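Me: I would like to learn how to read the features of a protein model one at a time, with the general idea before the particular case. Could we work through one together?

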Amino acid sequence: MILNAKDLKYLENKGPKQEVIFEEEDISKQENYLKQENDSKQENPKSEDLLFNSLKKMFADCEDDYIRQCLEQAEDDKLINVENQLMEGNYPKIKIPVDPENPPVTVKTGKTFMNVIQITRYNLGSYLSSNQIVYCKNIEGHSDLSLQFEKFLDGIEFYIPKEMKDKSAITSNQSLNRFSNLLKDLIEVFECPPKFIHAFYDNSNLITFNEGSALFFNFKIYIDLYKADPKFDAMTYWYTVICHALAHKFVEGHNSEYQYHFSSLVTKYMKSLVKKMI
Ligand SMILES: [Zn+2]
C-alpha cells in the first residue's frame, strides 16, 4: 500500500495499525512516523493500566483485549470516550457460566450501583479538559469519628458515637423511622442491597462518607433539614446525596471529573426516582 501524508494522518487517527510503505521521497516522513509510533507505545504505560482497570470494573463482562484495543484507538479523553463506547453495550462479552443455585446479584453491564460500589481505587488522574470546580464543605473523611453499631432500622444498620451520653433522644426519635423509610425507598430506586446503605448520627455537618463498600448517611442532617418538610423534597435531596457519595467512588475531590460522574449518576437513576415518587 502506498500512502501520502493525508492517508498517514488518517491512519494515525483511526487505526487499526497497518503496515505502512512510504514512497522514496518521503523518507523523512517515515522516520517521523516510526518515532511517533514508538513514542506512543512508551507513553505512560501505568496510566494506561489505570484506565484499563477502571473500565474493567465498570464493564466486567467485556473481553480484556477489546478494552485495550479501544483504549489504543481512542483519542484525547480516552476514559470518557471508551466508557461511552462501551456503554452502548455491543462489545464482545466474556462467557461466564451462571450457577443457577447462586446467580449474580445484578447484571454486570453498564454503570450500575453494584458496579460502582465495588470500585476500590478512585482518583484516576485528570482526564477532563474543563475544570469546573464543584464545592461541598460538608463532606470529610470520618477518621475522627468513633461510631458503633446500635441497631437495625428495618434492615439498615444504624451507628451512633461510642461516647454518646443521652442516646435515647436519638435512637427513640420519631424522625428516625421516617429517615430509614426514606433510605429504604432510595434503596429501591438504586436497586442495591440494603447492606450497602448505613445510617449514622453525628452532631456535625458531615453528611456522608464511604467506608469500604458501604455508604453512610447522617441522621442529624435529616433532622436539621427535613424532619418537618414534605417527603418528596427530602427524597430528592437524599437522592442527590447518594449520587454524591457514589460519585466519590470515582474521584476523591469535587473537581470537574467528580462533576462528570455525579451528573451521570443523577441522570441514570432519575427515571427510577420519578417513578417512585408518583
Ligand atoms: Zn463530596
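Me: Which residues does L183 touch, not counting residues up to four places away in sequence?

Reply: Before the case itself, please keep in mind that this is a predicted model. With those sequence neighbours set aside, L183 touches I156, I197, A199 and F217.

Me: How should I read such contacts in a wider setting, and which residues have the most contacts inside the largest nonpolar core?

Reply: The general idea is that in soluble globular proteins nonpolar side chains tend to be buried together. Here the largest nonpolar core has 40 residues, and those with the most contacts inside it are L183, L186, A199, I242 and A247. At least two residues of this core come from each of β2, α8, β3, β5, α9 (219–226), α10 and α11 (256–277), and α10 gives the most, with eight residues. Apart from this core lies another, of nine residues, among them F59, I67, L79 and L86.

Me: Which residues of α10 are buried, and what length does this helix reach from its first C-alpha to its last?

Reply: Helix α10, residues 231–247, has 17 residues and reaches 24 Å from its first C-alpha to its last, which is close to the 24 Å expected at 1.5 Å a residue. Its buried residues are W238, Y239, V241, I242, C243, H244, A245, L246 and A247.

Me: Turning to the strands, in what order do they lie in the sheet, and is the pairing mixed or uniform?

Reply: A sheet is read by strand order first and by the sense of each pairing afterwards. In this model five strands form an open sheet in the order β1-β2-β3-β5-β4, with mixed pairing. The edges are taken by β1 (147–153) and β4 (208–211), each of which has a single partner strand, so one side of each is left without a neighbour in the sheet. From one strand to the next the twist averages 30 degrees.

Me: Which pairs run parallel and which antiparallel?

Reply: Let us go through the pairs one by one. Six bridges join β1 to strand β2 (residues 156–161) in the antiparallel sense, and in this pair L153 stands opposite I156. By contrast, β3 and β5 pair in the parallel sense over four bridges, with F200 opposite N218 of β5. The strands β4 and β5 run antiparallel and are joined by four bridges, E211 standing opposite A214 in β5. In the hairpin of β4 and β5, two residues lie between the strands, and G212 takes a positive phi near 60 degrees.

Me: Where else does a positive phi appear, in residues other than glycine?

Reply: Two cases can be read side by side, each with its place in the chain and its surroundings. D154 has a positive phi of about 50 degrees although it is not a glycine, and its place is in the loop between β1 and β2; D154 counts as exposed, with 10 C-beta neighbours inside 10 Å. E191, in the loop between α8 and β3, has a positive phi near 50 degrees and is likewise not a glycine. With 13 other C-beta atoms within 10 Å, E191 is partly exposed.

Me: How does one describe the packing of helices, and at what angle do the axes of α8 and α9 cross?

Reply: Two packed helices are described by the angle between their axes and the distance between the axes. The axes of α8 and α9 come within 10 Å and cross at roughly 105 degrees; the two helices are therefore roughly perpendicular to each other. On the α8 side the contact is made by S175, L176 and F179, and on the α9 side by F219, Y222 and I223. Helix α8 (residues 174–190) also lies across β1, β2, β3 (197–200) and β5 (214–218), and runs at about 160 degrees to β3.

Me: How far apart are S54 and F250 in sequence and in space?

Reply: A pair of this kind is read by setting the separation along the chain beside the distance in space. S54 and F250 are 196 residues apart in sequence and 8.8 Å apart in space, C-alpha to C-alpha. S54 is found in helix α3 (residues 45–58) and is buried, with 20 other C-beta atoms within 10 Å. For the protein as a whole, residues 24 or more positions apart account for 59% of the contacts with a separation of 6 or more.

Key:
Residues are numbered from 1 along each chain as its sequence is written. This is a predicted model: local features need pLDDT of at least 70, side-chain atom pairs count only at pLDDT 80 or more; totals for chains, interfaces and linings use all residues. The expected span of a helix is 1.5 Å times one less than its number of residues. A residue is buried if 20 or more other C-beta atoms lie within 10 Å of its own, exposed if 12 or fewer, and partly exposed in between; C-beta atoms are placed from the backbone. Two strands pair if DSSP finds at least two bridges between them. Axes are lines fitted to C-alpha atoms, for helices over the stretch in contact, and angles run from 0 to 180 degrees between N-to-C directions. Two residues are in contact if their C-beta atoms, placed from the backbone, lie within 7 Å. A nonpolar core is a set of buried Ala, Val, Leu, Ile, Met, Phe, Trp, Tyr and Cys residues joined through C-beta atoms within 7 Å. Angles under 35 degrees count as roughly parallel, over 145 as roughly antiparallel, 65 to 115 as roughly perpendicular and the rest as oblique.
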